[in-house]
Every structure is written in C-alpha cells, then in structure tokens.
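Trainee: I'm new to this one. Could you walk me through it?
Mentor: Sure, let's take a look together.

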Amino acid sequence: MFVPSILKICPTDEGTGIYLEWTIPEKDCKPPVHGYIVAYKRHELDINYSCRSLKGGRTCSHVISLSRVSSKYNIMVSAYGYKEHGDFCPPVILCMSDYLDVNRSQGCGDIRELLPKPKITKTKSLHEGKGLHLKWRVPLDVSNVIIEGYIVAYKRCGLDTQYKEKMVPGMDTKCHAITGTKPCTLYEVKVAACANEGTGLFSVPVIVRTGVESQQPQKMSERGEPTFTPAITGICNVMGHPGVFVRWKIPDNADMKNTDGYIVAFRKTVPSTSEYHRCVIHDKSTTSHYKEGLQFGMTYQVKVAAYNSLGCGQFTLPKLFVFHGKDALKRRKLKRNLKFKNKIS
C-alpha cells in the first residue's frame with residue numbers, strides 16, 4: 001500500500017490551525033488509494049492520536065483545526081484503499097514557536113490569543129481614598145503558556161493621558177492594592193495577563209471613584225473588535241464568469257451592533273509565500289461576496305472575518321477550492337458548436 005510523505009507543514013496565519021501537504025501516488029497505482037488518514041497529537045501531552053479521514057485519492061492537503069493549543073505537535077499521514085489500510089509515514093514534529101513573531105513591548109501577535117483575558121469582578125476604595133483594591137478572575141486557560149503575573153494599568157479619568165502600570169507577579173494572584181491615589185478622583189483601571197513571550201489582552205476598563213468605602217465595578221463601553229467568527233457555508237464557481245461566490249453565516253449569538261462589515265481574504269496556495277488579498281465589505285448585513293480575477297485551475301484559500309473601526313475579529317480557518325468557473329462554459333460552447341456543425345454536414 002502506498003505510504004505518503006509530508007511535503008509541507010506550517011501553522012495558519014492566526015495560529016489556530018495547521019496546514020500540511022503530502023505526496024500522492026501515480027494514477028495507475030495498485031492497490032488504488034481511496035483516501036487518507038491524518039493523525040495528530042500534542043507532543044508529550046496526549047497519549048492517543050486524533051484522526052481525520054479524508055476521501056479522495058488525489059487529496060494532497062488539509063487544515064487541522066486545533067481545539068487545544070500546544071507548542072509542539074506530532075503529525076503523520078497514511079493512505080487507505082477499499083479493503084486495506086496502509087502504514088503511517090514517520091511522525092513529523094511541528095514546533096509552533098518557530099513560527100511565532102512576538103513583539104514583547106507591544107504585546108501583539110499570537111501571544112495575545114494564547115493568554116486569557118481577565119475580568120475585574122470587584123473594586124474597593126482604601127482608607128481616605130489613598131488607594132484602590134481590585135479583584136479579578138480569568139477564564140479556564142487551555143493553552144500551554146505559563147502566566148508569570150499580571151499587569152495592572154490605571155490612570156485618572158480626564159486628567160492623565162497615559163496609563164501607569166504595575167507588575168503583579170504570581171500565576172495564582174487574583175487581587176492587588178494600588179497605593180498613592182488621590183481622594184475623590186475617578187480612576188480607570190484594567191488588568192492583563194503576561195508571560196515571557198509578551199502581554200495578553202487587557203480587560204474591559206472599570207471606572208472607580210476613590211474615597212468611597214464600597215463600590216460595584218462600573219464597566220465602560222465594551223466596544224472592541226468583533227468577538228464572533230463567521231462560518232463559511234459555500235464556495236461556488238460561477239459558470240461563464242472569472243470568479244467565485246463565497247457565502248458565510250453569522251452565529252445566532254453574534255453582537256451585530258459591534259460590527260461594521262466583513263473582510264474576505266483570498267490567496268493562492270502556490271507559492272506558499274503568497275500573501276492574502278483582502279476584500280472589504282462595508283455592509284454588515286451581507287453574507288456573500290463575488291471575487292473576480294482568479295486563475296483557472298489554480299488552488300486558492302479563502303477566509304472571512306468581521307471587522308469594525310477598532311480592528312478585525314478572528315478569521316475562519318482557510319477553505320481550499322480549485323477555480324474552474326469560466327472554462328466550464330467554454331467547453332459547453334465548444335460542444336454546442338460541434339453538434340451544430342455535425343447537423344449542417
């Protein structure tokens with residue numbers, strides 16, 4: 001039985017998936033290949049492999065959607081036929097850190113998605129308004145990034161232009177007392193988790209007044225980047241047109257008030273270094289887009305994300321498709337002309 005070999009393996013642009021390519025046999029290979037099995041697991045964390053079955057003997061690529069983040073993965077591929085299953089190729093270890101370009105000072109890149117976003121749950125003014133005590137909590141962290149501490153940022157509302165930051169060490173720390181504040185003054189406070197690789201996203205800012213003994217946290221505007229991810233439902237080649245229709249749907253619980261439109265990004269899979277071409281849709285009620293200027297026979301990747309004035313949300317995992325729209329009508333016209341000539345003759 002044919003044993004494939006992995007040709008290319010790399011994370012997707014958002015780091016939420018793994019793209020891989022492998023070799024396929026000749027067309028007259030015996031026994032014939034009916035499909036492939038992609039097996040993967042977290043290196044030294046999982047005991048058993050997770051598997052994905054792919055139909056089609058000419059299938060040569062796949063995007064693995066990751067539900068649990070890790071720094072290393074073991075990945076292997078095997079072929080199967082009608083009555084037999086071939087051997088897996090030797091496992092390939094993918095080290096995600098080799099692809100991360102993290103800027104610690106800005107706290108951007110993939111580390112922002114890996115670190116959990118805290119939420120301030122309680123604030124309290126200390127004696128005579130000379131300090132603030134705040135508590136926070138973090139969601140369940142399924143990543144392998146070790147939290148080294150938290151950054152507490154605060155400033156006077158309407159008076160300070162920049163935040164003052166304090167590093168609070170300790171992964172299990174969930175509270176902190178800010179000293180040296182002015183009495184009877186409004187302060188804006190927020191918290192972010194941090195690690196060696198950088199700083200995560202800050203919590204929603206909370207407004208608190210010093211000099212008040214007990215006070216419930218007051219959230220400011222929660223408007224930020226869109227928090228939902230659209231789902232691509234269809235990619236249709238249009239007969240006689242040099243383009244495709246891409247359709248997507250919006251989750252039922254999506255906050256459309258926080259959305260201005262969508263970004264649909266296309267790119268060729270060959271060469272692998274080709275960049276995405278982004279199409280901006282300014283109508284948030286639109287759930288489809290028509291893209292022209294595609295090359296016949298070329299394999300493309302497409303992904304969709306919601307956006308607003310503050311930034312872009314999470315992209316969907318890239319979907320692969322082969323463009324063959326315009327040439328299909330040419331073949332139909334050619335057949336029609338041949339039938340017409342045969343009738344005349």
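**Strands and a core**

Mentor: Strand S3 (residues 35-42) and strand S6 (residues 72-80) pair in the antiparallel sense, with eight bridges between them; pairing needs at least two DSSP bridges, and strands are DSSP E runs of at least two residues, numbered from the N terminus. This is a predicted model, where local features need pLDDT of at least 70, side-chain atom pairs count only at pLDDT 80 or more, and totals for chains, interfaces and linings use all residues. Residues are numbered from 1 along each chain as its sequence is written, and side-chain values use heavy atoms, leaving out hydrogens and water.

Trainee: Which strands stand at the edges of the open sheet of four strands?
Mentor: The order is S4-S3-S6-S7, with antiparallel pairing. An edge strand has a single partner, so one side of it is left without a neighbour in the sheet. That describes strand S4 (50-55) and strand S7 (92-95).

Trainee: Is serine 61 buried or exposed?
Mentor: Serine 61 is found in strand S5 (residues 61-65). Buried means under 20% relative accessible area, exposed over 50%, partly exposed in between (1.4 Å probe, protein chains only). At 16% relative accessibility, serine 61 is therefore buried.

Trainee: Which element gives the largest share of the largest nonpolar core?
Mentor: Such a core is a set of buried Ala, Val, Leu, Ile, Met, Phe, Trp, Tyr and Cys residues joined through side-chain atoms within 4.5 Å. This one has 21 residues, and Ile75 and Val77 are among those touching the most other members. The largest share, five residues, comes from S6.
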